[in-house]
Structure formats: structure tokens, C-alpha cells
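User: I am new to reading structures like this one. Please take a close look at the cysteines, then walk me through the parts of the chain you would look at next.

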Amino acid sequence: MTLLLEDVSNGQENIKIPFINEINYEQLPKFVYTPNCVLKSESLAEDFESISLPCDCENMCGDKCSCSSYAYNDGKLSENYDNYTSKPIIECSDICSCAVKCNSRVVQHGIKFPLQIFLTERTSFGVRSAKLIPKFSFVCEYAGEIIDEPEAQGRLKSHRPDESNYIYVLKEHSSNDNYIQTIIDPTYVGNVGRFLNHSCSPNLFSVPIRAGSMIPRICFFAKNDILPFQELTYNYGGHCTFKKNTSSLVNPRARKCLCCSSNCCGYLPFVEDIWLK
């Protein structure tokens, strides 16, 4: 039995994103679809009001482009890019003089692969592609409401222990050992990225990218060639919080990991209540 919703995005993405359920009658949770992040309150706009300087490239951007043409190669993320050592990625925008199809415009063009939301056997809903995704290709972003810290704390406190937590916190280091914090919650307003599951051996990795504004986008790229209908996953925490078969005490609020990878940590990444600080 297959339940099919033709397009979860309601025409807001380049390609229709269907929901497929081949197991039972469970439906998707109710949420408002958005292809890009939205600011929850106008007060947050002050944190992202600055804009990047435009480039003056003619037609296609080259190595000397003031934007981030260095970050991409043939429409994919460069193999030399590193989240820790490379410069932040700022794509060319409408105020740049280059062509719309220049090398420095990738994530702003949206989803290119035929993604599907489906019901998995172990972890409720998941995401897969009907076609092969080449290594370093852009897959989708993690879109939702951008909220402030008090709002995030309030939402976390209202969660039941069995409810999923979709909040993503991005901390970017700046000068003088300061950092910029962006909190994204797709629980009520989000995109296909909210259905990506965790794996201790993921096939996606995230990169913060600015495209069209200084609001960072959490963009997922393929770590390797991903075969059709293989579930798309990323690591929620970046490293193991607990080790499987360890003698140390496990926080009772930690949830068991169901990724079943050979190096599974046993539990989903977990942080204490001060994780937003």
C-alpha cells in the first residue's frame, strides 16, 4: 500500500517533493512549507542587516572574484573546501554584475535532485533521492524559522520526552573570540530538510552559506556518490556524545540511535540545557 502526496512543497521548489508511505496509513505532521529560512521577529533582522560587497565580474566569475567562486567547481562544492579552515562562502547576488549562471551561484538556485519524503522502517520519516547524487553536490538546505534564544528555550521546555527536537544551532566564530549564533527551528515552518535523519556514518555534511542576504543558510552537500533511494542522513552533533558499551553513565534524556551503522555511538548526540549559551 502506497500513500502519495504529489508535492509537499506546493510548487515552492524547482522539483516536486512527494511523500510516499509504503508501510501504513501514517500521515506527515502538519507544518507550513518554506523553501528558505524566515525571521520569526523583526528584531532579529538587526543581526543580519549588513550586506556583502558586490563583485564587478563580467559574465562568469573567475578566481579574482570578491565573492566565493573559489568554493565551487562545476556547480558542486570544491573538494578543497574545509568548514574549519576555508573562508566563509558568500555567493554572488542580484547586486553583482556577473551573469545569473556564474560559478558563484549554486544553493540560491534551489533543489535540483528529485527528493522524496518517505516512511522508514526504524526512524519514522526520512528523505531519499530517486536519482544518483554525485559527490559534493548541493542537496537541500535546512530551512525554518530563525528564532532568538529565549524563544528556543521556551520551545525546548514545551517538548515532551518522546517528541523530536528539530532545532539547529549554528555558531560561527568571528573576531575577538566572539561568535554569531543562528537558531533555526523547522517544527512549524520548514522544508524537506526537517525530515533528514541522523546517522553516525552520514552521507551528507552541512556548510553555512550566504546567498542573497547575510542570513546564513545551512546547506547540505553529498559526502560521496549517493545511490538512488538510499536514505539521506547527516550527523546531528558532529561527534559521539556517548560511546557504545561504555561504563560511563548515560543521561536519562539521551535517546537511542537507530542508524545501525558499523560505528554507531549507541545514542543520539546530546547536550545539556546550557547548549544555547
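Analyst:
**Cysteines without a bond**

Start with Cys67. Its sulfur lies 3.6 Å from the closest cysteine sulfur, which belongs to Cys92, and that is too far for a bond. The cut-off for a disulfide is 2.5 Å between the two sulfur atoms. A disulfide is a covalent bond between the sulfur atoms of two cysteines. Keep in mind that this is a predicted model. Is Cys67 buried or exposed? Cys67 is buried, with a relative accessible area of 8%.

How many disulfides does the count give? The count is zero. Cys37 is likewise in no disulfide. For Cys37, the nearest cysteine sulfur is that of Cys219, 9.1 Å away. Cys37 counts as buried too, at 18% relative accessibility. The limit for buried is under 20%, so Cys37 falls inside it.

**Aromatic rings**

Next, the rings. The count of aromatic pairs comes to twelve. Take Phe125 and Phe195 as one of them. Their ring centres are 6.0 Å apart, and the planes meet at 80 degrees. That makes the pair edge-to-face.

Where do the two partners sit? Phe125 lies in strand 9, residues 125-129. Phe195 lies in the loop between strand 13 (179-190) and strand 14. The pair therefore ties together parts that are 70 residues apart in sequence. Both partners are buried: Phe125 has 10% relative accessibility, and Phe195 has a relative accessible area of 3%.

The pair belongs to a cluster. Ring pairs link Phe125 and Phe195 with Phe19, Phe31 and Tyr33.

Now look at Arg194. Arg194 lies over the face of Phe195, at 4.8 Å from the ring centre. Arg194 also lies over the face of Tyr166, and there the distance to the ring centre is 4.5 Å.

**Strand 13 and its partners**

The loop that holds Phe195 lies between strand 13 and strand 14. Turn to strand 13 itself. Strands of a sheet pair through backbone hydrogen bonds, either parallel or antiparallel. Both kinds appear here.

Strand 3 (residues 32-33) runs parallel to strand 13, and two bridges join them. Within that pairing, Val32 has Val189 as its bridge partner.

Strand 11 (residues 144-147) pairs with strand 13 in the antiparallel sense, over four bridges. There, Ile146 is partnered by Ile184.

Strand 12 (residues 168-173) is antiparallel to strand 13 as well, with six bridges. Glu172 meets Ile180 in that pairing.

**An open sheet**

Another set of strands forms an open sheet. It has four strands, in the order 7-15-16-10, and the pairing is mixed. Which strands stand at the edges? They are strand 7 (89-90) and strand 10 (138-141). Each has a single partner strand, so one side of each is left without a neighbour in the sheet.

Strand 7 and strand 15 run parallel, joined by two bridges. Ile89 stands opposite Ile209 of strand 15.

**Two buried polar residues**

Asn203 leads into strand 15. It sits in the loop between strand 14 (197-198) and strand 15 (204-210). Asn203 is buried, with a relative accessible area of 4%. What does its side chain reach? One target is the backbone oxygen of Glu231, at 2.9 Å. The other is the backbone nitrogen of Thr233, also listed at 2.9 Å. Setting aside neighbours within four places in sequence, the contacts of Asn203 include Phe221, Ile226, Gln230 and Leu232.

Gln116 is the second one. This residue is found in strand 8, residues 115-119. At 11% relative accessibility, Gln116 counts as buried. Its contacts beyond four places in sequence include Pro18, Ile20, Val127, Arg128 and Phe229. Gln116 and Asp7 are 109 residues apart in sequence, but their C-alpha atoms are 9.3 Å apart in space.

Methods
Residues numbered from 1 in each chain as written. Heavy atoms only, no water. Buried < 20%, exposed > 50% of the residue type's maximum accessible area, 1.4 Å probe, protein only. Contact = heavy atoms within 4.5 Å. Polar contact = N/O pair within 3.5 Å; in protein donor to acceptor, adjacent residues only side chain to side chain. Phe/Tyr/Trp six-rings, centres within 6.5 Å; stacked < 30°, edge-to-face > 60°. Lys NZ or Arg CZ within 6 Å of the ring centre and 35° of its normal. Pairing = 2+ DSSP bridges.
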